Amino acid sequence: MEVAARTAIALLLALAVASGCLCGGAQGRHHRHTKHTRHNSAHAPSQAPGPASSRRHAPPHAPGASPPAPPPPSSSSGAGGAAPAPAPETAAGGAAAVYDVVKDFGAVGDGVADDTDAIKTAWDTACSEDGDGVVLAAAGYSFLVHSTVFTGPCQGSVTIQLDGTMVAPSDPDKWPANNKRNWLVFYNAHGTTLRGAGLIDGKGQKWWDLPCKAHKVVYLYSIRKEYIVAQVSEEIPLQGQGGSSGHGASCDSPVALRFFTSNNVTVQGLRVQNSPEFHFRFDSCRGVVVSGLSISSPQQSPNTDGIHIENTQDVLVANTAVSNGDDCVSIGAGALNVRIENVTCALGHGISIGSLGKQGTRACVANVTVRNAVIRRSDNGVRIKTWQGGSGSVSSVAFENVRMDAVRNPIIIDQYYCLSRTCENATTAVFVSGVSYAGIRGTYDARSPPIHFGCSDAVPCTNITLADVELLPAASSSGQAADEPFCWNVYGNAAAPTVPPVACLMDGVPGNYADKSSLKCY
């Protein structure tokens, strides 16, 4: 009996030990694979990075707490940004995995060392994982990043949380000779979010100073030689110094952020400044939300459009301030269903559709709404510009509740757009129809007419309507004679009260309207 009892006790002890080992092993495996829950306090970046692809952290702070980027100094305080969205969560409801470019991937973040590989590897790692991931570039660091492409599609959705600073190489000579057109490219990056309280600096000054670059001059050009000659501030290249065009092969300059064929993308809360050319460009995308941005570059910086949209549909640009040297927002060929709301533009060329139809190309733009915008001290307010000889159409466009402050050309349709003195009339043009202006108020620079409709000889503008338009000469134009609104080959109507009166619109439709209406793309 005593032997049996001892044997039973030994067996029980053995079972207890085995059970403890199994439980401990299971807990160890669970710890290694489960994503950490989010902490409320920020993590201090570690001095030595861990393994390049194995470490995941919870977000260092709630992204929803990031403040919106402030508008440029010249912009309205009413054009502030929306707060970034809450941190992405996995399908199971847990916090997203975080890939810290400093802690996990060896980024230095001193603004001198090249951090391109670290940030690109962090993206590739997050992109290859199922579920939601956050690539974190934390506050307090400055990341020097050379031209790179963030390629998708990803297994899950990826958010780049930029709370630090990201800078481009400042010297054009440091860029590869065959790769000077883009800086940060997102390709097939469906479901990507780029957000944070950080700064993206394109370091564009040396690019703008290139001798082949377009520089602003004032010259006389003919809207239509026998009817009007207007003085307009434009950007033209300095001939004989490295190229004849600001976009020529010898003078390529990078777009700061470019999204190609990427659907359901969001850009939120960032400050972006001093891009060598366009600050943002969206090509062949669908489902784009841009909000809470501050975009700035000097007034004399050439070709620095704030946001350019081309061959892209279902776009919202909201709560954003732009102060720059070219178009605040530009809408190119193939844009469909675009809304621009609560945007403040300063110093540049205003909000533009175009230019369209260059070198006989076909361009289609439809369903564009600009609402609750402020435009200050710009060369243009709301503009549609097309070249002679193109085809296609611009239709279903509404400009609503736009405030002008000392704007040179508040309302303009220019179908004789030309950057030289040698452009000639053509027998074809982009068909402009169904454009409405309502609640356009404020002041204008009296050197130019407050309203200018210069439509094609061959293809007149139709169904142009104005209501509740009130534009007065700015105080800076005191004592200067103000021109009357100008119309050429434009059909539509103006409802009272409209100041100044627009008596030059033709009623009804042109005799060949049935033929022209077939030119519409949609």
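1. Let's start with a term you'll need: a salt bridge is a side-chain nitrogen of Lys or Arg within 4 Å of a carboxyl oxygen of Asp or Glu. Arg-371 and Glu-341 fit that description, with their closest N and O atoms 3.0 Å apart. Arg-371 sits in strand E24 (residues 362–376) and Glu-341 in strand E22 (residues 336–346), so this pair ties together parts that are 30 residues apart in sequence. Keep in mind as you read on that the model is predicted.

2. How covered are the two partners? Arg-371 is partly exposed, at a relative accessible area of 26%. Glu-341, on the other hand, is buried, with a value of 16%. The cut-off at work here is that buried means under 20% relative accessible area.

3. How many salt bridges are there by this rule? The count comes to 17. One of them joins Arg-258 to Asp-283, and here the closest N and O atoms are 3.0 Å apart. Arg-258 belongs to strand E13 (residues 255–260) and Asp-283 to strand E16 (residues 280–283), so the contact ties together parts 25 residues apart in sequence.

4. Have a look at how covered that pair is, too. Arg-258 has a relative accessible area of 12%, so it counts as buried. Asp-283 is buried as well, at 7% relative accessibility. These two also take part in a network of salt bridges that links Arg-258, Arg-281, Asp-283 and Glu-310.

5. Another salt bridge to find on screen is the one where the side chains of Asp-327 and Lys-385 meet, at 3.4 Å from N to O. Asp-327 lies in the loop between strand E20 (313–323) and strand E21 (329–331), while Lys-385 lies in strand E25 (residues 380–386), so the pair ties together parts that are 58 residues apart in sequence. Buried or exposed? Both Asp-327 and Lys-385 are buried.

6. Now for the rings. The count of aromatic pairs is 11. Take Trp-123 and Phe-150: this pair is edge-to-face, with 5.6 Å from centre to centre and 65° between the planes. It links distant parts of the chain, since Trp-123 is in helix H2 (residues 116–128) and Phe-150 is in strand E5 (residues 148–151), 27 residues apart. Trp-123 is buried at 0% relative accessibility, and Phe-150 is buried at 2%.

7. Tyr-437 and Phe-453 make a tilted aromatic pair, 5.9 Å centre to centre with 45° between the planes. This one links distant parts of the chain as well: Tyr-437 is in strand E28 and Phe-453 in strand E29 (residues 451–454), 16 residues apart. Both Tyr-437 and Phe-453 are buried.

8. Back to Trp-123 and Phe-150 for a moment. Which cluster do they belong to? Ring pairs link Trp-123 and Phe-150 with Phe-186, Phe-259, Phe-280 and Phe-282.

9. Finally, spend some time on strand E28 (residues 431–444), the home of Tyr-437. E28 is mostly covered, with 10 of its 14 residues buried. Strand E26 (residues 391–407) runs parallel to E28, and 11 bridges join the two. Try finding Glu-400, whose bridge partner in E28 is Ala-438.

10. E28 also pairs with strand E30 (residues 461–473), again parallel, through 9 bridges. To trace this pairing, start from Ser-433, whose bridge partner in E30 is Thr-462. As you follow a strand, remember that in a regular one the side chains alternate between the two faces of the sheet.

Definitions and conventions
Residues are numbered from 1 along each chain as its sequence is written. This is a predicted model: local features need pLDDT of at least 70, side-chain atom pairs count only at pLDDT 80 or more; totals for chains, interfaces and linings use all residues. Side-chain values use heavy atoms; hydrogens and water are left out. Buried means under 20% relative accessible area, exposed over 50%, partly exposed in between (1.4 Å probe, protein chains only). Helices (H or I, at least four residues) and strands (E, at least two) are DSSP runs, numbered from the N terminus. Two strands pair if DSSP finds at least two bridges between them. Rings of Phe, Tyr and Trp (its six-membered ring) pair if their centres lie within 6.5 Å; planes under 30 degrees apart count as stacked, over 60 as edge-to-face and the rest as tilted.
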